[in-house]
Each structure stands twice: as C-alpha cells, then as structure tokens.
Amino acid sequence: MTESNQRIIDADDKGLDAGLALFDEAKVRRIIKKVVDEEASPRLKAYLSTCVHCGLCSDSCHYYLSRDKDPAYSPAGKVKECLLPLISGKKITPAILKKAAVVAYTRCNLCKRCSLYCTLGVDIAYLISVVRRICHLCGVVPHYIQDTANSHSATFNQMWIKDDEWLDCLYWQEEEAREEMPEISIPVEHEGADVMYSVIGPEPKFRAQLIYQAAVIMEKAGINWTFPGTRGWDNSDMCMYTGDYETMGRLKKAHFDTAIRLKVNRIVMGECGHAFRSVFDTGNRYIGWKTPPIPIVHAVEFYHELLTENKITIKKKLATPVTFHDPCNIVRGSGLHEMARTVVGHICETLIEMEPNREHNFCCGAGGGVINCGPPFKNERVLGNRVKAEQLMAAKAKGADIVITPCHNCHGGLEDIIQHYGIDMEIKFLSDIIYETMEI
Amino acid sequence: MSTIRGTSQDIWDSPTDSSRCLIPCPTNTPSHHFPFWKITPSRDGTRCAIPMQITPEECRLYTWTVGNDTPEISEPCLAITDLHPLSKEEFSFLQHTDEGWTAVTHQEPWDMEAEFAWNLIVSDQGVTACQTQDDRRYTPIVDATPWSTSYESSFGLTLSTASHRSAAVVQTVPLTEGDLTTFLSGCFTLGTEEGPWPGHYIGAFNPAISADGTRTAVDARITQYDYTIIVDGQPWSSAWPSVWGPIIHPDGKLVCAPVKEPKGWTLACDGKPFWPGHYVQLWEPAFSPNGQRIAAVIAPHFGIWTLALDGVPWKSRVDGYLTKPVFSPCGSRVGCTGSHKGRAVILIDDCLMSGNFDKAWDPIFSQYGKHVAVKIKKGPWFGLLLNGAEVHRPFLWMADPFFTPDGNHLMICGVEKEGSHYIYTREFIALN
Ligand code: SF4
Ligand code: SF4
Ligand code: SF4
C-alpha cells in the first residue's frame, strides 16, 4: 500500500461516508454510462485515446512536485486513479468510488497548468471534472463543498446569506463609507447604470470592507454604477466544481438576468478567479449563452482601465516590495497577467516576480473547490503545495513582504501556505492597495 | 423594482396637456450626486417623488405636482427605499426611522416597526406588499396586514393582479450551516397569507399566483437530482433534471413551465410536454392577457436565440440574449428586447429592429396593438421610439411611456436639466 493510497483510505469525511453508505453498483454504472454516453463531449474520448502516458506533464503539477514526484499525483496518474477505474468496465466498489472522489475533489485544482505542457493538448482538468460530475450524481461529495453547493441552491449565494442580510450589509457599508466621504452613496438597484458590480458571498459575510473600498474607488473614478438589491448579486459558483451543473445553470441565469433587468452596460466583478471561470466560460455556456449575454470584466481589467485612463489618481505608490500571484482562472483562463502587472506598476514601487510566473505560475492549491472541501483535507492541500511555499520564500528572500493576488480562493490558499510553512508575508487584494494609495 | 403602470380607467381622469415642475438640486448635493434616476412619477404622471438623503442621518421624500415648483416635504427619517407609484397620485415606499422599518401608503405609515423591510411591490390594483424581518423571523405584509405565520426565511414575494392575495417561498424548517441531512429532507415550500403548503422541498423557486389569487405554483427541487412543478401543493406526476419557473393561465386553469427532457428543453403544460419542439434552451414563457397564446424565449441552436409563439419558432435570430416576451393587451402582438452582435435590439412580431440606440426597454403596446412605444437610451440620453420612429427630444431620464386608456395619447414623463435645475415634465403625444 502506497502512502498516497493510505491517505485516501484514511480520509474521514461525512459527505463521502454518507454517499458511500448508499452505494449501489448498478446505479453507479447507470450514472457513469449516462455521463459518458450522453453528457460528456467528444473531448472525453479524444483525450483518453490521445494520452500516451508519456509523463511530460508530470513536472507541471504542483501536487506531483510537492509530493516528491509520487506518480499517483501526476496529472495522468490522477486520471488513471480516478477516471479509468470507473470507465474500464471492471467491478466498481465503494473503495474505488471513494478513491475517485478524493482524487478528483482534493488532489486536482483544475488549474490547467498541465495542459500547457502536454504536447498533445490533453485537458486533464476536463477529465477530472467528468469524475466530479459522476461523483455528484452518485451523491459522493465532500461534506464542506456540498454544504456550499447547498447554500447556492437555496439562497443563490455561497454563504447562506438571506436577502435582507445582503441589503443590510450594503446599507451598513454605506454608513461606514460616509464617515470618510459624507457625499458617498452605494447605489442599489439603479436601473440603467453603466456598471453592475457583483461580488462573491464571502465579501458581505467576512470581508465587508471590500464593499466599502469598492464604493470609494467607484466614487472617485466617477463610475455610474450599482449593486443589485436582489438575488443574482453573488457571481460565485461551487456547483461548477461539485459537478451540480443544473444548479450552476440556475446561478448563472440569476446573475445575468439581474444585469439584464437593471439594463446595465456591463458587469464588473470583484477579485475572484473561479467566479470568472463560471460567468465567462463554463456556466454561461451550460445554459446556452455562447458568450456572456452582458459584457463582463474582471476587477483586474477594470482597475487597468481606471488607472491607464487616469480615472483615479495614485498619490504615492506603496513602498513595501510586493510579489504577485497569478490566479489560474484569469491568467491561464483569460490572459490577464500583463494587465495585472500594469496595475501593480501603477500602485507599487517594486514588484519582485515569483518564478515561474504569468501563465506558468503554480496554482495556490485552493482552486477548483479544493479549499472548499474543508478541514478534513487541509493538510493534504498544504502539503500538496510545497512548491508554492518555495516560490513565496524565494520572493521573500529577494525582499517581497506582500503577496498580491486578485482572487479570493487564492487568498485562502496562500494564507494556509504562509501559515503552515511559516512565511512572514502579508496577502492583499489589488483593491486593498488601490484604496490605500489613491487620492481620496 | 421598476415602475409598474396600471391601465385601468379609474386611475385616469387627467387632462392631456403638457406640464412641468422644477426640481432644484439641494445645495449641499453635488450635481453629479443628484439621483434623478430615483425620480418616480405617479401613475397619472401629475406628480413625481424622490427620496433625498439630505445628511447621512436625514432622508425626506420630496413630492412635486406639475405646475407647482414647491415640493411637499415629508417628515425626516433615516432612509427611504423601494419608492413606487401606488394610485393615481400617490406613492408607497419603505421608510427607516429610529424605531425600525415600516411601509408608507397613502401618506400613512403602517402600524409596524420591523427590524428590516425590503422588496416592496405594488399590484395594478394598488395593493402594496413587502417582506419584513424581526428577531430573525420573516413575515410578508400585505396592505399593513401581516401574514398569519412567520418563517425562517422568505423570498420571491408576489401579488395576484386582481385580488389582495399574495404568495412567497418560505422556509419552514430551521437549517444550520453544514446540516446536509435536514437540507435534503426539505426546508422550503410556498406560503400565502393563510399559511404554508404542507409539503417541504429541498428548494422552491419562482412562485406564481393566478390573477384571482386562488391558484399558486412554484418550481421545486424535490430530490438532489429532480425538479418538478408544484401546483396548489400537489407536484406534477413527472420530474426532470431541470425546470424553470411556472406561469399560470390568466383564467387560472392551466399551469405551464419549461422542462428539460432528454431531447432538450420544451414547454410542459399541467405536467405533460405541450410544445412539439425541443431546444438547446427554453425559458421565460408568457401567456397573452386573453390567455389564447403563449410565447417563450428559445435557443434553437447553441448561442442562437429567438421567440417561439404557440410552439412555432420565429425566423429572426439573435446571438446575444432576449428578454421575456410582452404581449399587447389584446394579445395580437408580441415583442421583447435583447442584443445581437453586441448591439441592443427590439424584436416585435418576428421583425428585428436595431439602430441608433444602446439600450431598449420592453415594448409597450396600445390597447388594440395599433401602436408600439419603446423607451431607448443612446449614451446618456433617453429617447422614445413610436412605431419604430424616434419621436421625442432626449431626456436625462424617462419613465416607461404609457398609452392613455382611451388610446388617443401616449404619455411621457421625464427629467431634463436647465442650469442647475432639473425639470420634471409630463407630455402627451397625440396618436392618430
Ligand atoms: S496528458 Fe499529455 S503530457 Fe500528460 S501523459 Fe498524457 S500525453 Fe503525456
Ligand atoms: S492540479 Fe493543475 S496541474 Fe495538477 S493535474 Fe490538476 S489541473 Fe493539472
Ligand atoms: S484559487 Fe487561485 S490559483 Fe488556485 S486555481 Fe483558483 S485562481 Fe488558480
């Protein structure tokens, strides 16, 4: 028994256990057949028949590198561990399904770094997503991320925030902001505004200051903007990662319907990577919109516009040297790395690059819903990303005291790595530094 | 939360001469902060109101009557939200004071002081309802009368168009974070003033209520993998992996909803597939007011959208999106708005119109469908298309246009700027 396998057997998770307690092989087989024959795109067969198991992608995966090159953590190795046993036609046992779920949900961030290095263009993240879809339909999903998906389903946000609590938070943040700028307002339900600003659930719940900061930035930049006052304000989407695509579709419809109802010209979304993937690519397509029905821009693009078009003025750049963590979903997913560096150049005196960087950057280890699988898998996650710690330590050694990343999940992931590996670094959003350095 | 305009004759005995009033920008409000987009005309357009946040702690409702530049000013409060036209000349809104939140209708606050109130809605009949929360219990209130039961949460409040009845999704079972078992056993259902349905569902969404208020429906998640439509507490006999919200026929007899079949999305009626076609997507169905026709937005191919009328797709196609179809009062005409190649479009009776505008609002038809008016926006300016031609000078802000019940005039209410003043005007276009 390998150590890696032992960790799967030992994985103690209420959600997985509850689903496995109802294990019925015939049902699991029906689900696999449905997913493979009816739902999966031709890419599934193409990738499976194309992959020659050459292992060239192995060194691209932070899990493989951090786990001392254990083949079980290589991209193709993970496919071999979680997908192939389900579709091989051989007997499926609860242990096989558990292994598939643990590998798919907690050992791959769907970060697509490996795809960059596969000369045949195999998209491992897609193959892992197929396993997650099967696990969702079998009801074998880690407890914590399933709870987040349940919150999405019931409340249309990921934090169980009720409709009045969202509005209350906006009014409260407006009051706070007015203490600094008496004339400021946080517009709610402004039909016809230029911009609808959407955020993810943790902002009103844990980081309400980001709402206040956004209001100050919008105000100083003279943006005609609004928050929605209804469901549809949260752009995040853990259902995309659990494999509950039906709920994902409902979430995306609510988000875009809100922007259409408010007659805005575009949606600006806060600093989040996975939500961008959902609204810009996966979620919108699932319900039939080839491209987002309302133009949507990530905060990085928006800040780039504000700074390069002189809509806000920076009074003094941040003197503390910073490094920048490229979130996969907006960098490999949408090529925003140079824009992000232009933004950093406007607000910080010194940028110390991590190596590798830009589209070659290593994932933070939180993405793809892995951090949302919660405490049972935290250790697996931080130990699976020693390479990120090494990247951060090297940047620290060159003088970087702050790591900036425009993604909530990356914040969570980097926070855990910094704590676990004892790295003395602060983590900030771009908006934190814009707010600190701009003329108010 | 946009302006709802009634068409009933009883709100209309206004003359049709144009008139205006001056809305001075309060001196301590920078001009670019003046929220003219919050200006709300009364149903007959003779009055307009705006909540003005004078200081962080002081908000007042200013109400002007056309022909008179002196506003009526309400008592101060902490905040005013959800301002709507109520009857011919009056408004309803939510008001926050030191005592709590209340609704105000006919210039009288309701006898309630909730910890929080939101989502105020007004029916064509002038019935006002809102959601309230006190001590973490949620209670919808209709014309100052609270529902008989309060809940763990409530959302999607809706009013019938021809009665005082209301419906909302309610959470009857407490749920704590991380409790997957209780979640899967069902915590949500539909409630009305008389109480909740007996059944509980994993999720309930998009409540609908018939015009007379006697029938109600929701779309519900009945297992982790199945959705169906529940009508008057009874689920349809089939379930699907996905459905969208139901609509109830104007006479209350039929309930329709989009359902996802293995071949694609189609429209089901009373539990059975009803339209022959299956599509990549089908949503936003609507009955004509006389109930004889149904239209819905469909995607016949991935990324391609049109309307289908009575099950027959139109030929015009767009690549962006389309909004819920709107019928003329007589049901003979139907249209919607949307986008194509990144430009706003208007789609009426299978004719696609795009042009020199950036945004378009839902088309508004005259009683017998002879005329159609569409509010548009070009850059910062609002304009008006009447039967496809631009007919009015631009406004800084404009309410939805309104056909007078006699069909002889189109009323336009809007805001312009003169120096440091905003001018509210009510004007009429004579129709032939
Ligand atoms: S995914 Fe590509 S690089 Fe990796 S083993 Fe397969 S063929 Fe080789
Ligand atoms: S974590 Fe990233 S690099 Fe590793 S297998 Fe998954 S997608 Fe590939
Ligand atoms: S959390 Fe950040 S780094 Fe990790 S996958 Fe998401 S975007 Fe990438």
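Good morning. I begin with the shell around ligand 3, which by class has six nonpolar and four polar residues and no charged ones. I should say at once that the model before you is predicted. The residues around ligand 3 are His325(A), Pro327(A), Cys328(A), Asn329(A), Cys363(A), Cys364(A), Gly367(A), Cys407(A), Asn409(A) and Cys410(A). Two elements of chain A give two or more residues to that shell, namely helix H19 (328–331) and helix H23 (408–420).

I turn next to ligand 1. Its shell divides into ten nonpolar residues, two polar residues and no charged residues. The residues around ligand 1 are Cys51(A), Val52(A), His53(A), Cys54(A), Gly55(A), Leu56(A), Cys57(A), Ala76(A), Cys118(A), Leu120(A), Val122(A) and Ile124(A).

Which charged residues, then, are found around ligand 2? The shell around ligand 2 has seven nonpolar, two polar and three charged residues, and the charged ones are Lys78(A), Lys112(A) and Arg113(A). Also around ligand 2 are Cys61(A), His62(A), Tyr63(A), Pro75(A), Cys108(A), Asn109(A), Leu110(A), Cys111(A) and Cys114(A). Helices H5, H6 (75–82) and H9 of chain A each supply at least two residues of this shell.

Now to the division of chain A. Chain A is divided into domain 1 (3–141), domain 2 (149–307) and domain 3 (313–437). I shall concentrate on domain 1 and domain 3 of chain A, whose centres, taken over C-alpha atoms, are separated by 27 Å. In contact across this boundary are 26 residues of domain 1 and 22 residues of domain 3 of chain A. Between them, domain 1 and domain 3 of chain A bury about 1,900 Å², and carbon and sulfur atoms give 56% of that area. On the domain 1 side, Ser66(A), Asn109(A) and Arg113(A) lose the most area to domain 3 of chain A, together 27% of what that side buries. Asn109(A) and Arg113(A) are also among the residues around ligand 2.

What polar interactions cross from domain 1 to domain 3 of chain A? There are 15 residue pairs in polar contact, both residues being at pLDDT 80 or more. The rule also finds four salt bridges across this interface. Arg386(A) forms a salt bridge with Asp68(A), with the closest N and O atoms 3.3 Å apart. The elements that give two or more residues to the domain 1 side of this interface are helix H5 (62–66), helix H8 (94–106) and helix H9 (113–117) of chain A. The largest share of that side, four residues, comes from H5(A). By class, the domain 1 side that touches domain 3 of chain A has twelve nonpolar, five polar and nine charged residues.

I move on to the interface between the chains. Here 54 residues of chain B are in contact with 53 residues of chain A. The two chains, B and A, bury about 4,500 Å² between them, with 57% of it on carbon and sulfur atoms. Between chain B and chain A the count is six salt bridges, and there are 25 residue pairs in polar contact, both at pLDDT 80 or more. Which element gives the largest share of the side of chain B that touches chain A? That element is E26(B), with three residues. The residues of this side of chain B divide into 26 nonpolar, 17 polar and eleven charged. As an example of a link between the chains, the side chains of Glu284(B) and Lys253(A) meet in a salt bridge, at 2.7 Å from N to O.

Over all chains, the count by this rule comes to 58 salt bridges. One of these joins the side chains of Glu3(A) and Arg7(A), at 3.4 Å from N to O. Glu3(A) and Arg7(A) are separated by about one helical turn, because they are four residues apart in helix H1 (residues 3–10) of chain A.

Finally, two points of backbone geometry. Most residues other than glycine have a negative phi, and most peptide bonds are trans. The peptide bond from Glu355(A) to Pro356(A) is cis, with omega near -10°. Pro356(A) lies in the loop between helix H20 (337–347) and helix H21 (378–383) of chain A. Lys69(A), a residue other than glycine, has a positive phi, near 60°. Lys69(A) lies in the loop between H5 and H6 of chain A. Thank you for your attention.

Terms used:
Residues are numbered from 1 along each chain as its sequence is written. Chains are lettered from A and ligands numbered from 1 in the order in which they are written. This is a predicted model: local features need pLDDT of at least 70, side-chain atom pairs count only at pLDDT 80 or more; totals for chains, interfaces and linings use all residues. Side-chain values use heavy atoms; hydrogens and water are left out. Domain bounds come from an automatic or database domain assignment. Contact means heavy atoms within 4.5 Å. Buried area is the accessible area (1.4 Å probe) that two parts lose on being put together, summed over both. A polar contact is a pair of N or O atoms within 3.5 Å; within protein, one must be able to donate a hydrogen and the other to accept it, and residues adjacent in sequence count only if both atoms are side-chain atoms. A residue is near a molecule or strand if one of its heavy atoms lies within 4 Å of it.
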